[in-house]
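Welcome! Please take a moment with the sequence and the model shown here, and then let us walk through them together.

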Amino acid sequence: MDAIQALLLGLVQGLTEYLPVSSSGHLQIGQMLLGIDPEAGGLTFDIVVHVATVLATLVVLRKEIVWILRGLLKLEWNDEARYTVNILISMLPIGIVGLCFKDQIEAIFHGSLIVGVCLCITALLLALTHFYKPQEREHISPLNAFIIGIAQACAVLPGLSRSGSTIATGLLLGNSRKSLAQFSFLMVIPPILGEAILDFKHIFAPSAEYLASHPATAQIPPLSLAVGFVAAFMSGCVACKAMIALVRKCSLIWFSLYCGILGIGVICYSL
């Protein structure tokens with residue numbers, strides 16, 4: 001992977017991590033179009049650009065994070081403590097899936113056909129939010145946080161958008177757009193960092209089986225990794241700000257149409 005390819009894929013990751021169109025699906029499509037073998041060092045690059053987008057989230061939502069930390073330091077049951085508990089509850093499903101079933105899911109669900117089908121599912125979820133609009137509640141309940149967490153866990157499938165699944169599920173449950181825009185991005189920070197930490201073992205202590213299936217893991221030049229990181233971080237900052245504004249004010253139907261068209265195209269290509 002050269003620097004130009006890393007730049008393009010980093011931009012794709014940064015933009016699509018926050019837009020409800022599936023970053024993992026677009027990364028696979030981007031690698032396919034650029035002629036890059038996704039098994040050839042892809043894990044190292046994926047970790048780097050995912051960490052970059054987490055840092056972008058921390059930068060964009062720094063005021064909200066400081067608000068939560070200040071509230072927790074008061075050591076009392078306040079709004080900040082309730083918010084933190086809801087985030088922890090939302091992490092339970094993805095934690096179980098990540099620790100117990102991640103390898104099995106990746107082994108079974110891969111390839112362009114799966115990406116295309118999951119993009120169509122993302123399109124359906126986003127379309128439902130346009131046609132079904134329940135009465136909005138200002139605060140996210142613990143039960144809703146858990147259900148939104150289940151949606152995030154399902155988004156481990158390539159092509160099923162993490163932000164699209166969580167935001168659409170929250171809207172269909174009747175949560176307000178303002179609360180979801182912030183909550184859906186904050187709740188993904190711990191899982192992404194946790195996933196990166198778990199995957200680091202394959203880089204620093206790879207097994208013989210992993211080296212056999214990822215023969216080019218150590219061949220991504222440091223410059224390419226650095227370019228991909230910077231591109232994902234910068235584009236992630238822009239996309240995160242834009243998506244928060246879009247969720248609060250606009251319909252997601254256009255993202256639904258985009259995912260549907262792209263998904264059908266990928267399915268046709270794979271067949």
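Helices (H or I, at least four residues) and strands (E, at least two) are DSSP runs, numbered from the N terminus. Read from that end, the elements of the protein run α-α-α-α-α-α-α-α-α-α-α-α-α-α. The secondary structure comes to 14 helices and zero strands. This is a predicted model, in which local features need pLDDT of at least 70 and side-chain atom pairs count only at pLDDT 80 or more, while totals for chains, interfaces and linings use all residues. Residues are numbered from 1 along each chain as its sequence is written, and side-chain values use heavy atoms, with hydrogens and water left out.

**The overall picture**

Two terms will help from here on. Buried means under 20% relative accessible area, exposed means over 50%, and partly exposed lies in between (1.4 Å probe, protein chains only). Contact means heavy atoms within 4.5 Å. Of the 271 residues of the protein, 48% count as buried. Among contacts between residues at least 6 apart in sequence, 84% join residues at least 24 apart.

**Two helices and their spans**

The expected span of a helix is 1.5 Å times one less than its number of residues. Helix α1 (residues 3-16) has 14 residues and should span 20 Å; its end C-alpha atoms are 20 Å apart, which agrees. Within α1, the residues Q5, A6, L9, G10, Q13, G14 and T16 are buried. Helix α4 (residues 62-73) has twelve residues and reaches 16 Å from its first C-alpha to its last, close to the 16 Å expected.

After α4 comes L75, which lies in the loop between α4 and α5 (79-100). L75 is not a glycine, although its phi is positive, about 55°. With 78% relative accessibility, L75 counts as exposed.

**Helix α10 and its partners**

Axes are lines fitted to C-alpha atoms, for helices over the stretch in contact, and angles run from 0 to 180 degrees between N-to-C directions. How do α10 (residues 177-186) and α13 (residues 222-249) cross? Their axes come within 8 Å and cross at roughly 150°. That makes α10 roughly antiparallel to α13 (angles under 35 degrees count as roughly parallel, over 145 as roughly antiparallel, 65 to 115 as roughly perpendicular and the rest as oblique). The contact is made by R177, K178, A181 and F185 of α10 together with C240, M243, I244, L246, V247 and R248 of α13. By class, this contact has seven nonpolar, no polar and three charged residues. Here Ala, Val, Leu, Ile, Met, Phe, Trp, Tyr, Cys and Pro count as nonpolar, Asp, Glu, Lys and Arg as charged, and the others, Gly among them, as polar.

Helix α10 also packs with α9 (residues 162-172), at an angle of about 145° and with the axes 10 Å apart. On the α9 side, S163, T166, I167, G170 and L171 meet R177, L180, S184 and F185 of α10. This contact has four nonpolar, four polar and one charged residues.

Is α9 mostly covered or mostly open? Helix α9 is mostly covered, with ten of its eleven residues buried. Just after α9, G174 takes a positive phi of about 95°.

**Three residues side by side**

The table sets out where three residues lie and how accessible they are.

| Residue | Place | Relative accessible area |
|---|---|---|
| A151 | helix α8 (residues 142-154) | 11%, buried |
| N86 | helix α5 | 9%, buried |
| L34 | loop between α2 (23-33) and α3 (42-60) | 29%, partly exposed |

What does A151 touch, not counting residues up to four places away in sequence? A151 touches S165, T166 and T169, and these three are among the buried residues of α9. A151 and S90 are 61 residues apart in sequence and 9.4 Å apart in space, C-alpha to C-alpha.

Leaving aside neighbours within four places in sequence, N86 is in contact with I140, S141, P142, A145 and F183.

With neighbours within four places again left aside, L34 is in contact with Q5, L8 and L9. L34 and L8 are 26 residues apart in sequence, and their C-alpha atoms are 9.4 Å apart in space. Two of these partners of L34, namely Q5 and L9, are listed among the buried residues of α1.
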